[in-house]
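Open the model in your viewer and keep the sequence panel beside it. The tour below goes from one selection to the next and says what is there.

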Amino acid sequence: MATDPPPILTRGLTKKYGRHQALSGVDLEVRPGEVFGFLGPNGAGKTTTIRVLLDLIRRDSGDVRVLGHDPRTAGVRARRGIGYLPGELAMGSRRPARELLVYLGRLRGGVDEARIRELAERLDLDLSRPIRGLSKGNRQKVGLVQAFMHDPQLLILDEPSSGLDPLLQQEFLGMVREARARGRTVFMSSHVLSEVQDVADRAAIIRAGRMVALEDMDALRERSARRVTIRFGAPVDREEFAAIDNTRDVTVDGDTLRCMVDGSPDALVKAASRHTVLTLDSEEPDLEELFFTHYNNGAWEEAGRDAA
Ligand SMILES: Nc1ncnc2c1ncn2[C@@H]1O[C@H](COP(=O)(O)OP(=O)(O)OP(=O)(O)O)[C@@H](O)[C@H]1O
């Protein structure tokens with residue numbers, strides 16, 4: 001395992017659309033057997049990077065290796081090692097989903113129909129319905145089945161959770177964990193941290209075509225800032241809470257306290273426990289807010305400004 005090449009490696013990857021610089025020197029190294037979250041706001045360059053990895057578009061410069069091959073010259077055999085979920089599945093056939101999946105399975109060297117049925121059942125997908133006319137959510141399920149069905153060594157998933165309701169999202173995360181348990185590598189993009197935070201081992205952040213962060217998810221979770229609102233049984237004194245080290249932006253409005261907590265809420269919870277707590281809400285900030293907090297040395301704004 002240790003000698004396996006990185007399933008995904010990019011060095012100085014650049015791509016322009018006309019005069020628009022979509023990627024400006026992207027360096028990525030995904031390790032064998034990990035779940036890697038590729039995060040960034042809309043338009044950051046996630047889909048462009050993924051399309052280069054699959055040779056759906058060609059890079060302008062830089063070095064790229066996927067499962068040890070340059071995607072520009074990798075053959076069909078190398079492609080079979082990859083399961084790909086596109087951001088938008090462009091399909092308009094009148095034929096049932098089952099036929100398409102069986103056909104794609106043949107192209108990948110043969111996939112047991114029982115495996116297709118099992119995945120469809122897990123995702124609650126009706127295989128007899130024609131592809132044309134499927135809702136966005138059902139198309140996403142067809143896309144997931146075809147990506148996972150041949151148990152590929154590397155899964156490249158572009159916004160996999162979009163269109164899935166919370167229960168199916170959990171089912172999908174279960175499929176990702178099982179793939180990892182079998183030693184597979186999963187690379188998944190998202191514009192929201194919460195979609196990858198429970199399952200990813202590491203996450204990279206791309207913004208305006210540049211990598212601005214690479215994080216171990218455990219470290220990120222530990223440092224993660226949370227917006228906390230506590231309603232007490234009686235009015236409280238702001239000073240008591242403003243003095244807590246890792247608590248900031250503290251406001252008190254009668255019996256309601258609002259603040260941001262960096263890292264563990266332990267000290268805040270202990271302070272709160274001296275009063276009667278009626279409700280406690282803890283909300284994760286969005287991706288930009290989170291990384292703005294972490295990269296408060298200016299790296300985050302710089303990355304945005306340079307590329308703007
Ligand atoms: N075919 C194209 N022609 C011109 N510009 C494009 C094309 N595809 C993408 N872009 C631009 O390149 C930038 C990166 O787009 P990309 O789709 O890779 O972003 P993304 O991170 O995947 O965002 P999203 O989540 O919105 O898809 C954006 O500014 C986008 O408008």
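**Start at a strand pair**

Select Leu85 and look across to β6, where its bridge partner is Leu157. The model you are looking at is predicted.

Now show the whole of β5 and β6. The two strands run parallel and are joined by 4 bridges. In a regular strand, side chains alternate between the two faces of the sheet. In β5, Ile82 and Tyr84 lie on one side, while Gly83 and Leu85 lie on the other. Both faces are covered, and these four residues are all buried.

**Next, helix α5**

Select residues 136-148, which form helix α5. The helix has 13 residues and spans 18 Å from its first C-alpha to its last, close to the 18 Å expected at 1.5 Å a residue.

Which residues of α5 are buried? They are Gln140, Lys141, Val142, Gly143, Leu144, Val145, Gln146, Ala147 and Phe148. To see what they pack against, add β5 (82-85), α3 (97-107), α4 (113-122), β6 (154-157) and α6 (166-181).

**Into the core**

From α5, pick Val145. Leaving aside residues up to four places away in sequence, Val145 touches Leu101, Ile116, Leu119, Ala120, Leu123 and Leu125. Val145 is also one of the residues with the most contacts inside the largest nonpolar core, together with Leu155, Ile156, Val186, Phe187, Ala203 and Ala204. That core has 60 residues. A second, separate core has 9 residues, including Ile230, Leu257, Val261 and Ala272. In soluble globular proteins, nonpolar side chains tend to be buried together.

**Around the ligand**

Select the ligand and the 13 residues around it. Those that come nearest are Tyr17, Asn42, Lys46, Thr47 and Thr48. β2 (20-30) and α1 (46-53) each supply at least two residues of this shell. The largest share, 3 residues, comes from α1. By class, the shell has 3 nonpolar, 9 polar and 1 charged residues.

**Last stop, Gly25**

Stay with strand β2 and select Gly25. Buried or partly exposed, which is Gly25? It is partly exposed, because 15 other C-beta atoms lie within 10 Å, and a buried residue needs 20 or more. Residues up to four places away in sequence aside, Gly25 touches Gly12, Leu13, Thr14 and Arg210. To finish, draw a distance from Gly25 to Pro96: they are 71 residues apart along the chain, and their C-alpha atoms are separated by 42 Å.

Notes. Residues are numbered from 1 along each chain as its sequence is written. This is a predicted model: local features need pLDDT of at least 70, side-chain atom pairs count only at pLDDT 80 or more; totals for chains, interfaces and linings use all residues. The expected span of a helix is 1.5 Å times one less than its number of residues. A residue is buried if 20 or more other C-beta atoms lie within 10 Å of its own, exposed if 12 or fewer, and partly exposed in between; C-beta atoms are placed from the backbone. Two residues are in contact if their C-beta atoms, placed from the backbone, lie within 7 Å. A residue is near a molecule or strand if its C-beta atom, placed from the backbone, lies within 6 Å of it. Ala, Val, Leu, Ile, Met, Phe, Trp, Tyr, Cys and Pro count as nonpolar, Asp, Glu, Lys and Arg as charged, and the others, Gly among them, as polar. A nonpolar core is a set of buried Ala, Val, Leu, Ile, Met, Phe, Trp, Tyr and Cys residues joined through C-beta atoms within 7 Å. Two strands pair if DSSP finds at least two bridges between them.
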